[in-house]
Protein chains: 2
Amino acid sequence: MRFAVLGTGIVGRTLAGKLSSLGHEVVIGTRDPAATLARQELDAAGNPPIAGWLAEHPAVRLVPYAEAGAFAEAYVNATSGSGSVPALEAVGAANLAGRIVIDVANPLDFSQGFPPSLNPVNTDSLAETIQRAFPEARLVKALNTMSAHLMVNPSALPGPHSVFVSGDDADAKKTVTDLLVSIGWLAEEVYDLGDVTSARGSEMLLPIWLRLYGSLGHADFNFHIQQAPARQL
Amino acid sequence: MRFAVLGTGIVGRTLAGKLSSLGHEVVIGTRDPAATLARQELDAAGNPPIAGWLAEHPAVRLVPYAEAGAFAEAYVNATSGSGSVPALEAVGAANLAGRIVIDVANPLDFSQGFPPSLNPVNTDSLAETIQRAFPEARLVKALNTMSAHLMVNPSALPGPHSVFVSGDDADAKKTVTDLLVSIGWLAEEVYDLGDVTSARGSEMLLPIWLRLYGSLGHADFNFHIQQAPARQL
């Protein structure tokens with residue numbers, strides 16, 4: 001499948017690399033590739049400039065959002081929460097219509113310091129915000145509740161752990177679930193939370209994730225839904 | 001230890017029964033015991049009247065909040081979120097000073113239908129609201145993230161699963177952790193999230209808990225923090 005990953009941070013790079021290694025055609029979309037490639041400093045999260053990463057992943061091209069939209073059959077939104085709708089607008093609503101958008105972003109709000117709060121939250125979510133802005137996109141919230149490393153290396157933890165999907169389009173959720181299994185997720189650990197409003201629930205995991213990250217001092221953990229055996233789906 | 005459990009719902013009853021079975025002296029506090037005992041209908045959650053439960057647990061007495069405050073060395077807040085501060089006011093601020101309050105309540109807001117949202121949320125929490133109202137209480141948020149049955153029967157699930165504690169008083173968190181272990185929780189599955197503001201994180205687990213409850217059709221599940229083995233505390 002032809003994927004456009006939106007966003008050049010560690011999440012975007014990690015997912016782009018994994019999708020490419022699985023045989024998908026992948027571009028990374030950004031606002032201004034020349035400006036992005038010219039960066040030589042670490043980004044706000046301490047990641048090295050993307051130029052080196054691209055040199056190691058020659059199958060993945062960095063392109064402007066509109067070119068990503070012309071190319072892709074499906075999208076991964078790995079932009080910041082506040083940057084998501086502008087990025088998707090630059091991709092173009094017509095390019096999103098009927099196509100799957102896997103939304104892995106979280107609406108982190110750093111305006112009140114660290115740890116960040118969420119905005120929107122509780123009675124709305126980033127996923128719903130995107131779906132309202134692009135009603136013809138087939139949005140699936142997924143993979144927003146663990147580190148980038150674990151997103152594409154679920155076997156890095158010794159026992160089972162879980163990933164959540166939300167969205168209004170059952171076929172799109174099925175496609176994304178199959179994609180998650182192809183990445184290495186156990187099918188029985190993919191939990192369908194419900195319609196797009198259920199993404200409030202997975203986005204609202206971020207505050208406790210951030211506290212655990214602070215308490216544990218590392219990001220090598222994930223949520224596992226422990227069930228009674230007779231109850232396991 | 002002499003415990004007062006505030007709230008006569010299934011959570012309050014379940015915790016009162018367990019604490020009593022462990023040898024603690026336990027009262028259940030309520031606004032008007034005579035009115036509570038006179039109820040013959042199921043409550044809003046479908047639970048039978050408490051009179052029958054009390055008949056089966058003769059060691060546990062139902063008393064007015066003020067009497068609970070005169071009796072208790074420690075409290076369990078199992079009232080509704082909106083009822084928590086009024087209940088604790090009826091217990092009396094002087095009776096809370098220097099004493100542990102284990103806050104197991106969640107600020108569920110049903111004003112916009114089901115599933116409920118949270119209020120307060122995100123930049124505040126019920127735990128912080130209570131701690132601000134009763135600054136001399138030694139508040140520990142705990143046990144608010146699983147069903148009442150699992151709170152006191154953690155071995156009912158086949159594998160490990162986790163419970164979170166938050167609060168400003170390290171000694172109080174240690175006492176509550178020891179209490180959780182005495183109930184059957186594995187010490188390594190008790191995660192200290194940090195100060196009282198970290199209770200935002202555990203309270204914000206409720207939306208995904210409610211969605212999973214809806215998707216799975218049962219409450220026999222809990223969150224487990226899956227870590228890499230070298231990372232396990």
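This note sets out how two chains of a predicted model meet and how one sheet of chain B is built.

1. The interface. In this model, 40 residues of chain B are in contact with 40 residues of chain A. On the chain B side, at least two residues each come from strand S7 (117–118), strand S10 (190–194), helix H10 (199–203), helix H11 (206–216) and strand S11 (221–227). By class, that side of chain B has 18 nonpolar, 17 polar and five charged residues.

2. Pairing across the chains. Strand S11 (residues 221–227) of chain A pairs with S11(B) in the antiparallel sense, over seven bridges. Within this pairing, Ile225(A) has Phe223(B) as its bridge partner in S11(B).

3. Symmetry. A turn of 180° with a shift of 0.0 Å along the axis lays chain B on chain A with an RMSD of 0.0 Å. The chains therefore stand in the relation of a two-fold axis. Both copies use the same surface, since 100% of the contact residues of chain B recur in chain A. Of the residues of chain B, His224(B) comes closest to the rotation axis, with its C-alpha at 2.4 Å.

4. The sheet of chain B. Eight strands of chain B form an open sheet with mixed pairing, in the order S3-S2-S1-S4-S5-S8-S9-S10. Its edge strands are S3 (61–64) and S10 of chain B, each of which pairs on one side only. From one strand to the next, the twist averages 25°.

5. One edge of the sheet. Strand S2 (residues 25–30) of chain B and S3(B) run parallel and are joined by four bridges. Here the bridge partner of Val27(B) in S3(B) is Arg61(B).

How values were computed
Residues numbered from 1 in each chain as written. Chains lettered and ligands numbered in written order. Predicted model: local features only at pLDDT ≥ 70, side-chain atom pairs only at ≥ 80, totals over all residues. Contact = placed C-beta atoms within 7 Å. Nonpolar A, V, L, I, M, F, W, Y, C, P; charged D, E, K, R; others polar. Pairing = 2+ DSSP bridges. Least-squares fit on C-alpha atoms with pLDDT ≥ 70 in both. Axes fitted to C-alpha atoms, helices over the stretch in contact; angles between N-to-C directions.
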